[in-house]
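Biologist: Before I rely on the labels attached to this model, I would like to hear how each one was earned. Could you take me through the reasoning, label by label?

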Amino acid sequence: MNKKIALFGAALGISAWMLLSGVLFAAQPAGAQAEAVKGAPAQSGGQAAPGAATSVRISLDKTSLQNHGVVNLSGTAPAGEPVFLEVWSTRRVRCDLFDNKVDKKTGKIPYILYMTEEMPAFYKVLVPGDRKAILEAAKAQGKSWRFSDTLKKCGALVAFQAPAAIRINRYHVSLLGSVVGSRGTELAPMSAKENGARAMKLVKVRFGKPYAIFAPVVVTKPDGTFTATIAVPEGSPGGTFHVRAVAGKSGAASQTLSFENHVAFPYVYLSNAGTTMNLLWPFLLSFAVCTFGVLMGAGGGFILNPLLVLIWPLPAAVVAGTVMPTVLFSQASGIYNYSKIKFISWKLGIAIGLAMLLGGFIGPQLTELITLSQFKFVFGIILIFLAGLMAWQTTPGYVARNKKEKAILDQFQKKARETAAKRAQAKVQAA
Amino acid sequence: MEVSFWGESFKVNLIVGCLGGFLIAVLGSMFGFGGGPFMVPLLTVGLGLPMYLVVGSSLLAIFFNTVMGTVRHFQFGHFDLILFCAMFPGAILAGFVGPKIAKGLSPLMVKRIAVVGLLILGVRLLL
């Protein structure tokens with residue numbers, strides 16, 4: 001009995017330490033977040049020459065949308081100049097990127113985590129229709145396409161302003177830091193130029209594919225008037241959207257106009273994921289997947305997570321962190337039911353549980369360090385491995401052995417239930 | 001380590017058990033799944049323990065991982081309350097409906113369907 005208490009004590013002590021260190025550490029990003037709540041990025045037209053600021057004008061055909069829709073834009077710019085439009089949402093979302101590629105200059109691996117809380121939840125660069133070939137070329141490159149190169153080739157660098165000034169925190173990640181549960185030591189802020197370059201990489205992380213960021217929809221006439229359609233697809237955040245036009249050669253920028261996207265139930269904006277969703281779908285999906293999970297004897301997480309990542313553009317870390325707690329209740333009730341009939345070896349469960357506690361402490365931080373494609377790749381391998389495991393469990397040899405085991409299991413469980421019932425009866429009689 | 005359970009005593013190789021449990025926990029909390037389908041074979045096939053000892057004890061071990069993983073994801077800001085509130089009732093409801101459907105189905109058939117489904121999903125993720 002004493003041993004059991006000591007084991008419990010050790011478990012409690014270790015968990016307390018882990019939680020404490022986690023709480024201490026968590027205070028840091030919370031502070032950064034509070035500070036991050038500030039207005040839109042620099043509104044000035046950048047390098048616009050004095051007097052030229054008024055040479056680009058835009059107007060919108062409507063100022064509000066319902067969940068999603070299309071806003072038509074028209075305007076004038078100096079004749080002969082390409083026009084770029086930047087559209088962004090004032091809603092902000094977290095986005096991070098772990099740089100573990102060898103630096104060509106120094107030959108070393110930087111191991112730096114770039115993290116921002118201020119990525120616009122919606123961001124789009126509208127380019128002239130004739131830039132379509134450039135976007136197609138970027139699309140053909142697959143995952144290795146580069147946002148900065150594409151921006152440059154389109155001549156749209158001048159238009160990249162809203163995300164350029166987002167605050168990016170840098171952390172130097174170390175193996176030891178990961179073990180004690182830290183994101184790493186925070187590095188000094190970057191120069192504006194470097195910040196802009198990193199922001200471009202983060203934009204790609206957040207939005208993924210070329211056509212998710214660019215749209216070749218600006219139509220310019222020889223006299224300098226132009227039109228464009230701003231498509232706000234389903235799943236876009238609610239709230240205020242800003243639009244600004246920039247002339248490609250002079251860099252002259254228009255004033256910033258806004259429109260509102262009203263999101264109404266059952267559509268709800270998920271602030272942590274940066275996506276608007278019809279809440280009925282995750283409910284139905286979770287119900288269907290978890291029901292099947294009960295049947296096949298595996299938790300729903302194996303199927304639910306990849307589906308959530310594949311169907312909606314939800315950040316992998318948010319998916320993992322949100323699905324995990326959904327099984328807490330069912331696991332706890334399972335443990336309670338087993339413990340009522342004394343069908344748990346506490347010693348074995350806690351001994352291995354402590355090792356799993358440590359694993360669960362490290363894992364969630366690692367989720368931040370992998371990209372979406374790495375997440376999908378590793379998850380794919382895990383699922384195929386699981387499929388192999390389950391296929392093996394349907395082979396005749398396994399089934400025969402399992403039947404025997406199952407019979408013994410049932411026998412033991414019956415005995416345990418009877419003992420528990422007897423004990424309860426004895427208690428009642430004693431009272 | 002010696003474990004006694006319902007009048008029998010078993011020798012458990014703690015090194016293999018803890019190492020395996022640790023790895024499953026890292027992957028499980030990293031990708032947000034429980035790890036039961038890996039834990040049970042680890043303890044039965046890997047450590048040679050009988051099923052009746054494993055069912056309850058592995059659930060307890062996994063619970064440690066789920067609690068810690070949940071807390072840590074929350075600390076890192078990976079938790080979305082609204083999404084959780086949409087999915088949680090579905091999961092609870094499934095806990096009541098699932099066992100009722102299970103009675104009328106052959107577990108072997110369900111497993112075979114699961115294998116096909118998992119393979120399709122896994123390949124889709126790799127592409």
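Modeller: Let me begin with the rule for angles: axes are lines fitted to C-alpha atoms, and angles run from 0 to 180 degrees between N-to-C directions. With that in hand, helix α5 (residues 192-207) of chain A lies across β5, β6 (112-120) and β8 of chain A, and its direction makes about 105° with β5(A). Please keep in mind throughout that this is a predicted model.

Biologist: What makes β5, β6, β8 and β9 of chain A an open sheet, and which strands are its edges?

Modeller: The four strands follow the order β5-β6-β8-β9 (chain A) with antiparallel pairing, and β5 (92-99) and β9 (185-186) of chain A are the edge strands, since each pairs on one side only. Two strands count as paired if DSSP finds at least two bridges between them; strand β8 (residues 168-172) of chain A and β9(A) have two bridges, in the antiparallel sense, so by that rule they are a pair. In this pairing H172(A) has T185(A) in β9(A) as its bridge partner.

Biologist: Why is the pairing in the nine-strand sheet of chain A called mixed?

Modeller: The order of that open sheet is β1-β3-β11-β10-β7-β4-β12-β13-β2 (chain A), and strand β13 (residues 257-262) of chain A shows the mixture well. Strand β2 (residues 64-66) of chain A runs parallel to β13(A) and is joined to it by three bridges, with S64(A) opposite E260(A). Strand β12 (residues 239-247) of chain A, by contrast, runs antiparallel to β13(A) over five bridges, and there V243(A) faces L257(A).

Biologist: What makes β1 and β2 of chain A the edges of that sheet?

Modeller: β1 (57-60) and β2 of chain A each have a single partner strand, so one side of each is left without a neighbour in the sheet. For β1(A) the partner is strand β3 (residues 69-76) of chain A, in an antiparallel pairing over four bridges, where L60(A) is matched with L73(A) in β3(A). From one strand to the next, the twist of the nine-strand sheet averages 25°.

Biologist: How do you know that α9(A) is mostly covered?

Modeller: A residue is buried if 20 or more other C-beta atoms lie within 10 Å of its own, and eight of the eight residues in α9(A) are buried. Among them are A316(A), V319(A), G321(A) and V323(A). The cover comes from both chains: it includes α8, α11 and α12 (372-392) of chain A, together with α1, α3 (51-75) and α4 (81-103) of chain B.

Biologist: How is the packing of α8 and α9 of chain A described, and what residues make the contact?

Modeller: Helix α8 (residues 301-311) of chain A packs on helix α9 (residues 316-323) of chain A at an angle of about 150°, with the axes 10 Å apart, and the crossing is right-handed. From α8(A) the contact uses G301(A), L304(A), N305(A), L308(A) and V309(A), and from α9(A) it uses A316(A), V319(A), A320(A) and V323(A). By class, these residues are seven nonpolar, two polar and no charged; Gly is counted as polar, so G301(A) falls in the polar class.

Biologist: What does the contact between the two chains consist of?

Modeller: Chain A contributes 93 residues and chain B 87 residues. On the chain A side, helix α11 (residues 346-369) of chain A gives the most, with 20 residues, and that side divides into 61 nonpolar, 26 polar and six charged residues.

Biologist: How confident is the predictor in each chain, and where in chain A is the mean pLDDT of an element lowest?

Modeller: The model scores ipTM 0.91 and pTM 0.80. Chain B averages a pLDDT of 88, with 100% of the residues scoring at least 70, while the mean for chain A is 84, with 87% of its residues at 70 or more. Among the elements of chain A, helix α1 (residues 2-36) of chain A has the lowest mean, 47, and strand β7 (residues 123-128) of chain A the highest, 95. Over residues 19-53 of chain A the pLDDT is below 50, although this stretch has 44 contacts in the model beyond near neighbours in sequence.

Note on methods:
Residues numbered from 1 in each chain as written. Chains lettered and ligands numbered in written order. Predicted model: local features only at pLDDT ≥ 70, side-chain atom pairs only at ≥ 80, totals over all residues. Contact = placed C-beta atoms within 7 Å. Left-handed = near helix turned anticlockwise from the far one by under 90°. pLDDT = per-residue confidence, 0-100. Buried ≥ 20, exposed ≤ 12 C-beta atoms within 10 Å, placed from the backbone.
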